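Colleague: Thanks for making time today. Could you walk me through a few spots in this model?

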Amino acid sequence: MKAIRRIFTWIVFPLIIEMGVLFYINNVYLSTTTTFHIQKVNTESDTNTMKKTVKIPVPSDGESVEASYDGSYVSYLLNHQIIVVDTKTQGIKKVIAASNYIQYYTWLNDRNRIIYFYKTYSRGSEAIQLEAYDLDINNKIKIDKLIYAPRNSHIENVTLSPLTNMIYINVVDANGYSYLYRVDIMGQITNFRLPVKRITRMYELQRKDVLLYESSNGIIRVIKNGSGYTFLSGGYSLIGTDSNDNVYVGKLDSDNKVVEIYYGTIDKSFKNWNHIKLNHAIDTNQVYILPKDNALTVTFDGKDLIDVNTGETITGSGDILGINANYIIYKKDNDVILKLE
């Protein structure tokens, strides 16, 4: 009997310890260090309690002004630090600093978490460090792996999808060449070889791991399942994507102005896409897709948004800075104004 008890202790007790360690790694360690696992947190009741208009003063030298998805925070870059302002108290909630100048940051579109990037050095080379800060739990999250980039390069733009947990980063070197990197939920980094010199616009589908980008010579390409192909070879400009994975493309006139908007999925032939002819030619950056209901809108004065399908107008509260999941972000004098869509 003692021998059986001894054997039981030798076999079962180590198994219990091992299972406990695995449980900790899976449910505690990984749950707090996995930067890109995103869960929808805003509900209908949350939307009903959102302020319709928020006004926050921002210093004249504040750059890269953004807002969190629910309007709880407004942020901007000042002296290479991220200043986060609580819109309820209008006081500074957090100053996010790094060991080097922060180059780029953006908010996740469904929670109060900021992802930001800064330069570092490792093994004698320049590298980009990725970190995140969660305002709800006041916690900094760091990805251990580095993105090794060319010397004197900078981050031009970043896309992310909360459903696929993929982040794409467009890094441009001193000679104007783009380097495209993908970071997945496990922190694995993929460097894509590009057949073009520079990426000028890029958008990511929300439900599938697909990236579309436009090059400096007007070619629109798709990266799907790790490989790329040309989607349109000229005369069009990439406008954006919506929550249903529709892609929006503008047809250009001889002055490179958008005169017609096409939209559809990349699984369908482009000739079968829907299209809308505009009454006036506009720049590509004058077209906005509202995330809440995927409404396609245009602006002629940089302030008012006109729904191209219904003709309804959203009167602007200033110059449009951008649009997030719930708010249109305006700038008027030294104030940032958030207006509920």
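Modeller: Gladly! One definition to start with: two strands pair if DSSP finds at least two bridges between them. Do keep in mind that this is a predicted model.

Colleague: Good to know. How many bridges join strand β4 to strand β5?

Modeller: Strand β4 covers residues 81-86 and strand β5 covers residues 92-96, and the two run antiparallel. Pairing takes at least two bridges. For β4 and β5, the number of bridges is 4.

Colleague: Which residue in β5 is the bridge partner of Ile-82?

Modeller: Ile-82 falls within the range of β4, residues 81-86. Its bridge partner in β5 is Ile-96.

Colleague: And which residue takes a positive phi in the hairpin of β4 and β5?

Modeller: That hairpin has 5 residues between the strands. The phi in question is near 65 degrees, and the residue that takes it is Gln-90.

Colleague: Let's move to Glu-131. Is Glu-131 buried or exposed?

Modeller: Glu-131 is found in strand β8, residues 125-134. The cut-off for buried is under 20% relative accessible area. Because Glu-131 has a relative accessibility of 5%, it counts as buried.

Colleague: Which side chains does a polar contact join to that of Glu-131?

Modeller: Glu-131 touches several residues beyond four places away in sequence, including Ile-114, Lys-140, Tyr-116 and Tyr-118. One polar contact, of 2.8 Å, joins its side chain to that of Tyr-118. Another, of 2.7 Å, joins the side chain of Glu-131 to that of Tyr-116.

Colleague: What separates the C-alpha atoms of Glu-131 and Ala-98?

Modeller: Along the chain, Glu-131 and Ala-98 are 33 residues apart. In space, their C-alpha atoms are separated by 9.0 Å.

Colleague: Now Asn-112, please. Which side chain does a polar contact join to that of Asn-112?

Modeller: Asn-112 sits in the loop between β6 (102-107) and β7 (113-122). It counts as buried because its relative accessibility is 4%. Leaving aside neighbours within four places in sequence, its contacts include Tyr-69, Trp-107, Asp-134 and Ser-68. The polar contact, of 3.3 Å, is with the side chain of Ser-68.

Colleague: One last loop: is Thr-284 buried or exposed?

Modeller: Thr-284 lies in the loop between β22 (274-282) and β23 (287-290). Not counting residues up to four places away in sequence, Thr-284 touches Arg-201, Ser-237, Leu-238, Ile-239, Leu-252 and Val-258. Since its relative accessible area is 9%, Thr-284 is buried.

How values were computed: Residues numbered from 1 in each chain as written. Predicted model: local features only at pLDDT ≥ 70, side-chain atom pairs only at ≥ 80, totals over all residues. Heavy atoms only, no water. Buried < 20%, exposed > 50% of the residue type's maximum accessible area, 1.4 Å probe, protein only. Polar contact = N/O pair within 3.5 Å; in protein donor to acceptor, adjacent residues only side chain to side chain. Contact = heavy atoms within 4.5 Å.
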